[in-house]
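Please open the model in your viewer and set it to a plain cartoon. We will go from one selection to the next, with a short note at each stop.

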Amino acid sequence: MINSFLDFIHTEKKKDYYVKLANFLRNEYTNYTCYPKKEDVFNAIKYCDIDNLKVVILGQDPYHEEGQAHGFAFSVKCEKLPPSLINIYKEMRSDLVIDFTQDGDLTYLANQGVLLLNSTLTVREHLAFSHAGKGWEIFTDNLIRQICDIDRPIVFILWGNAAISKEKYVYNNKHLVLKAAHPSPLSASRGFFGCHHFSLANEFLTSNGLKPIEWVKK
């Protein structure tokens with residue numbers, strides 16, 4: 001089992017697949033505009049302390065337009081909220097029976113032990129999934145396996161088919177897996193709305209003697 005997320009990154013960077021990935025990324029960032037910024041690529045991992053890890057939310061691909069992606073799945077640092085995040089907030093309001101207004105920066109969740117992890121951590125501008133199949137999936141699959149070896153209850157929230165496909169790596173029966181459709185407007189009405197994942201996650205954490213997540217920013 002890994003002792004820290006930074007140790008995990010250091011170990012993976014020595015592997016052949018990551019060396020190839022790094023070469024690909026070097027060319028992409030040199031010749032094209034890519035997101036997030038180089039210094040933000042590992043933010044989800046860096047901001048979430050492994051000793052405090054409680055929830056893993058799996059996304060797919062970083063946002064691919066200017067000013068959006070900053071290293072956390074579904075999170076943005078711009079004023080205009082993406083449709084998926086708007087729907088996540090709608091489900092939060094309904095599930096938690098609370099009204100709120102907040103920006104799109106979800107860093108406050110990472111600080112509480114929520115790992116906001118995309119399957120692919122980088123993307124070329126305007127081209128969704130342009131960095132898929134280059135090695136990031138191996139990196140994130142390996143990370144999920146390592147997390148599953150942690151011998152305490154953790155909630156895995158899987159939204160959409162790409163995230164649900166990772167369920168096979170969640171083999172520890174101490175963990176809770178919550179699955180639903182992706183919050184995208186194309187699929188949110190087919191099982192995301194009404195999934196109650198925020199309250200269900202907190203019920204599970206509380207029942208295991210852990211502090212629940214404050215899903216709404218204070």
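Begin at the second largest pocket, in this predicted model. Its lining divides into 7 nonpolar, 1 polar and 3 charged residues. To see them, select Lys13, Tyr18, Ala22, Leu25, Arg26, Tyr29, Lys38, Val41, Phe42, Thr122 and Trp136. Now colour helix H2, residues 16–31: this helix gives the largest share of that lining, 5 residues. The space inside the second largest pocket comes to about 260 Å³.

**Next stop: the largest pocket**

Which residues lie nearest the centre of the largest pocket? Select Asp61, Pro62, Tyr63, Ser84 and His182, and you have them; the full lining has 32 residues. The space here is about 570 Å³. Then show helix H4 (83–96) and strand S3 (114–118), each of which supplies at least two residues of this lining. S3 makes the largest share, with 3 residues. If you colour the lining of the largest pocket by residue class, you should find 18 nonpolar, 12 polar and 2 charged residues.

**Going inside: the cavity**

How many cavities of 30 Å³ or more does a search of the whole structure find? The search returns 1. The largest cavity has a volume of about 50 Å³. To surround this cavity on screen, select Ile57, Phe74, Ile88, Met92, Leu106, Leu109, Leu116, Trp159 and Phe198. Colouring these by class is quick work, as the lining of the largest cavity holds 9 nonpolar residues, no polar ones and no charged ones.

**Staying with Phe74**

Keep Phe74, one of the residues lining the largest cavity, selected. Its backbone deserves a look: phi is positive, about 75°, although Phe74 is not a glycine. Is this residue buried or exposed? Phe74 is buried because its relative accessible area, 7%, falls under the 20% cut-off. Trace the backbone either way and you will see that Phe74 sits in the loop between strand S2 (55–59) and H4.

**Two more loops**

Move to Phe129, in the loop between strand S4 (123–124) and helix H6 (136–148). Here, too, a residue other than glycine has a positive phi, near 60°. With a relative accessible area of 46%, Phe129 is partly exposed.

Then select Tyr35 and Pro36 and look at the bond that joins them. This peptide bond is cis, with omega near -10°. Pro36 belongs to the loop between strand S1 (34–35) and helix H3 (43–47).

**Zooming out**

Finally, clear the selections and show the whole chain. You can count 8 helices and 6 strands, and along the sequence they follow the pattern α-α-β-α-β-α-α-β-β-α-β-α-β-α. The radius of gyration is 17 Å, close to the 17 Å that the globule rule gives for 218 residues, so the protein chain is as compact as a globular protein of that length. Along the principal axes, the C-alpha atoms fill a box of roughly 45 × 40 × 30 Å.

Switch to a surface view for the last look. The protein chain exposes about 10400 Å², and carbon and sulfur atoms supply 51% of that area. Of the 218 residues, 54% count as buried. If you turn on contacts, take those between residues at least 6 apart in sequence: 67% of them join residues at least 24 apart.

Terms used. Residues are numbered from 1 along each chain as its sequence is written. This is a predicted model: local features need pLDDT of at least 70, side-chain atom pairs count only at pLDDT 80 or more; totals for chains, interfaces and linings use all residues. Side-chain values use heavy atoms; hydrogens and water are left out. On a 1 Å grid over the protein atoms alone, a cavity is a set of points where a 1.4 Å probe fits but cannot get out, and a pocket is an open set with protein on both sides within 12 Å along at least five of seven lines; lining residues have an atom within 4 Å of a point. Grid points are joined across faces, edges and corners, and a volume is the space filled by probe spheres set on the points. Helices (H or I, at least four residues) and strands (E, at least two) are DSSP runs, numbered from the N terminus. Ala, Val, Leu, Ile, Met, Phe, Trp, Tyr, Cys and Pro count as nonpolar, Asp, Glu, Lys and Arg as charged, and the others, Gly among them, as polar. The radius of gyration is taken over C-alpha atoms; the globule rule is 2.2 Å times the number of residues to the power 0.38. Buried means under 20% relative accessible area, exposed over 50%, partly exposed in between (1.4 Å probe, protein chains only). Contact means heavy atoms within 4.5 Å. Accessible areas come from the Shrake-Rupley method with a 1.4 Å probe; for residues, only the protein chains shown count as cover.
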